[in-house]
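Student: I have a model open and would like to learn how to read it. Can we go feature by feature?

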Amino acid sequence: MDEIYLVVVRVLVAFFAAGLLSFALTPPVKKLAHRIGAIDVPKDARRMHKKQPFCWDRR
């Protein structure tokens, strides 16, 4: 019983640590991507959607 509890605690700690790291690192990585030019900007109509792609959250 104690072994299962420790495994569950370790998994939960890993889950929340991953979430916290991704939340904390997203803004600086976004700034870095803009600074080094790693953002794709469509240059012509060929790369643009003719109509909006399907989205489950469309209201």
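Student: Which residue just after H1 takes a positive phi?
Tutor: Gly-37 does, with a phi of about 80°. Keep in mind that this is a predicted model.

Student: How many helices and strands are there in the chain?
Tutor: One helix and zero strands. The helix, H1, covers residues 2-36.

Student: What span should the 35 residues of H1 have?
Tutor: Count 1.5 Å a residue, which gives 51 Å. The end C-alpha atoms of H1 are 49 Å apart, so the two values agree.

Student: Where in H1 does a kink lie?
Tutor: At Thr-26, shortly before the proline Pro-27. The kink is about 35°.

Student: How many of the 35 residues of H1 are buried?
Tutor: Just one, so H1 is hardly covered; buried means under 20% relative accessible area. Across the 59 residues of the chain, 2% count as buried. The chain exposes about 6,400 Å², and carbon and sulfur atoms supply 69% of that.

Student: Which residues form a nonpolar patch on the surface?
Tutor: Start with the general idea. An α-helix has 3.6 residues a turn, so residues three or four places apart point the same way. Now the case here. The patch consists of Ile-4, Val-8, Leu-12, Phe-15 and Phe-16. Together they have about 550 Å² of accessible area.

Student: Why does Val-8 count as partly exposed?
Tutor: Because its relative accessibility is 42%, and partly exposed lies between 20% and 50%.

Student: Are Phe-15 and Phe-16 buried or exposed?
Tutor: Both are exposed. A search of the whole structure finds one aromatic pair. The pair is Phe-15 and Phe-16, with ring centres 5.3 Å apart. Their planes stand at 80°, so the pair is edge-to-face.

Definitions and conventions:
Residues are numbered from 1 along each chain as its sequence is written. This is a predicted model: local features need pLDDT of at least 70, side-chain atom pairs count only at pLDDT 80 or more; totals for chains, interfaces and linings use all residues. Side-chain values use heavy atoms; hydrogens and water are left out. Patches are made of residues with over 30% relative accessible area and no salt bridge: like charges are joined within 9 Å, nonpolar side chains (Val, Leu, Ile, Met, Phe, Trp, Tyr) within 5 Å. Accessible areas come from the Shrake-Rupley method with a 1.4 Å probe; for residues, only the protein chains shown count as cover. A salt bridge is a side-chain nitrogen of Lys or Arg within 4 Å of a carboxyl oxygen of Asp or Glu. Helices (H or I, at least four residues) and strands (E, at least two) are DSSP runs, numbered from the N terminus. Buried means under 20% relative accessible area, exposed over 50%, partly exposed in between (1.4 Å probe, protein chains only). The expected span of a helix is 1.5 Å times one less than its number of residues. The bend at a residue is the angle between axes fitted to the seven residues ending there and the seven starting there. Rings of Phe, Tyr and Trp (its six-membered ring) pair if their centres lie within 6.5 Å; planes under 30 degrees apart count as stacked, over 60 as edge-to-face and the rest as tilted.
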